[in-house]
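Good morning. I will walk through one structure, and I will start once it is on the screen.

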Amino acid sequence: MTDIKLKRAYDPEDAADGYRIYIDRLWPRGLSHETFHYDEWDKDIAPSTELREWFHADPEGRWSEFERRYAAELAANPAFEALKKSVDAKNKVTLLYSSHDHEHNNAVVVASLLSKEG
């Protein structure tokens, strides 16, 4: 089973990260292409713009509903199946996200779904 970790895109790269996948649709503000290291940028699995904007209006209050809606988006998204195959082929994967909130973000949902699949 793949060891899946979560990390902010702004945190320093570490050899223990393994394969690094950035999973947000938007480039992380303030980071340059030269200094931000990732092995894969999978923006196709990010939440839809509508869902992301709705969620950011009240992240803690809308978290449970966001999890449900985002999981439904991923279940219907062929890019998520491709991500699962990519992750399954690795020993260690770090999902990178831009959010300041470590507990309420899309990477938490993706990691949870990937762990259930494994």
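When I say contact, I mean heavy atoms within 4.5 Å. With that cut-off, Glu40 is in contact with Tyr19, Arg20, Ile21, Tyr22, Leu83 and Ser86, leaving aside its neighbours within four places in sequence. Please keep in mind that this is a predicted model.

Let me stay with Glu40 for a moment. Glu40 lies in strand β3. Its side chain makes a polar contact with the side chain of Tyr19, at 3.0 Å. Glu40 and Arg20 are 20 residues apart in sequence, and from C-alpha to C-alpha they are 6.5 Å apart in space. Tyr19 has another partner to mention: Lys90 lies over the face of its ring, 4.4 Å from the ring centre.

One of the contacts of Glu40 is Leu83, and that takes us to helix α3. This helix covers residues 78-88. Which of its residues are buried? They are Ala79, Phe80, Leu83, Lys84, Ser86 and Val87. Because these residues cover an arc of only 165° around the axis, they are on the same side of α3. The general background is that an α-helix has 3.6 residues a turn, so residues three or four places apart point the same way. On the face of α3 turned away from the buried side we find the exposed residues Pro78, Lys85 and Asp88. The N-terminal end of α3 is capped by Asn77, with a side-chain oxygen 2.8 Å from the backbone nitrogen of Ala79.

Back to Leu83, on the buried side of α3. Setting aside neighbours within four places in sequence, Leu83 is in contact with Ile21, Glu40, Asp42, Ile45, Val110 and Leu114.

Next, the core. The largest nonpolar core has 22 residues. Which residues have the most contacts inside it? Ile45, Phe80, Leu83, Leu95 and Val110 do. At least two residues of this core come from each of α1, α2, α3, β4 and α4. The element that gives the most is α4, with 6 residues.

Now the aromatic rings. There are 12 aromatic pairs in the model. One of them, Phe55 with Phe66, is stacked, at 4.1 Å centre to centre and with 20° between the planes. The two residues are 11 apart in the chain, with Phe55 in helix α1, residues 49-56, and Phe66 in helix α2, residues 63-75. Are these two rings' residues buried or exposed? Phe55 counts as buried because its relative accessibility is 3%, under the 20% cut-off. Phe66 is buried too, with a relative accessible area of 1%.

Elsewhere, ring pairs link Tyr22, Trp27, Phe36, Tyr38 and Trp41 into a cluster. Over the ring of Trp41 sits the charged end of Lys43, 4.2 Å from the ring centre.

Trp27 belongs to that cluster, so let us see where Trp27 is placed and how far it is covered, given that its relative accessible area is 23% and it is partly exposed. Trp27 is in the loop between β2, residues 19-22, and β3, residues 40-41. Not counting residues up to four places away in sequence, Trp27 touches Tyr22, Ser32, His33, Phe36, Tyr38 and Trp41. A polar atom of the Trp27 side chain also lies 2.7 Å from the backbone oxygen of Leu31.

The last region is another loop, between β4, residues 92-97, and α4, residues 106-117, where Asn105 has its place. Asn105 is buried, with a relative accessible area of 2%. What does Asn105 touch, not counting residues up to four places away in sequence? Trp63, Phe66, Tyr97 and Ser99. A polar atom of the Asn105 side chain lies 2.8 Å from the backbone oxygen of Asp101.

His104 lies in this loop between β4 and α4 as well. At a relative accessible area of 15%, His104 is buried. The side chain of His104 makes a polar contact with the side chain of Asp101, at 2.9 Å. Leaving out residues up to four places away in sequence, His104 touches Phe55, Pro59, Glu60, Trp63 and Ser99. Phe55 and Phe66 were the stacked pair from earlier; His104 touches Phe55, and Asn105 touches Phe66.

That is where I will stop. Thank you.

How values were computed:
Residues numbered from 1 in each chain as written. Predicted model: local features only at pLDDT ≥ 70, side-chain atom pairs only at ≥ 80, totals over all residues. Heavy atoms only, no water. Buried < 20%, exposed > 50% of the residue type's maximum accessible area, 1.4 Å probe, protein only. Helix = DSSP H or I, 4+ residues; strand = E, 2+ residues; numbered from the N terminus. Arc of directions from axis to C-beta. Polar contact = N/O pair within 3.5 Å; in protein donor to acceptor, adjacent residues only side chain to side chain. Phe/Tyr/Trp six-rings, centres within 6.5 Å; stacked < 30°, edge-to-face > 60°. Lys NZ or Arg CZ within 6 Å of the ring centre and 35° of its normal. Core = buried A, V, L, I, M, F, W, Y, C linked by side-chain atoms within 4.5 Å.
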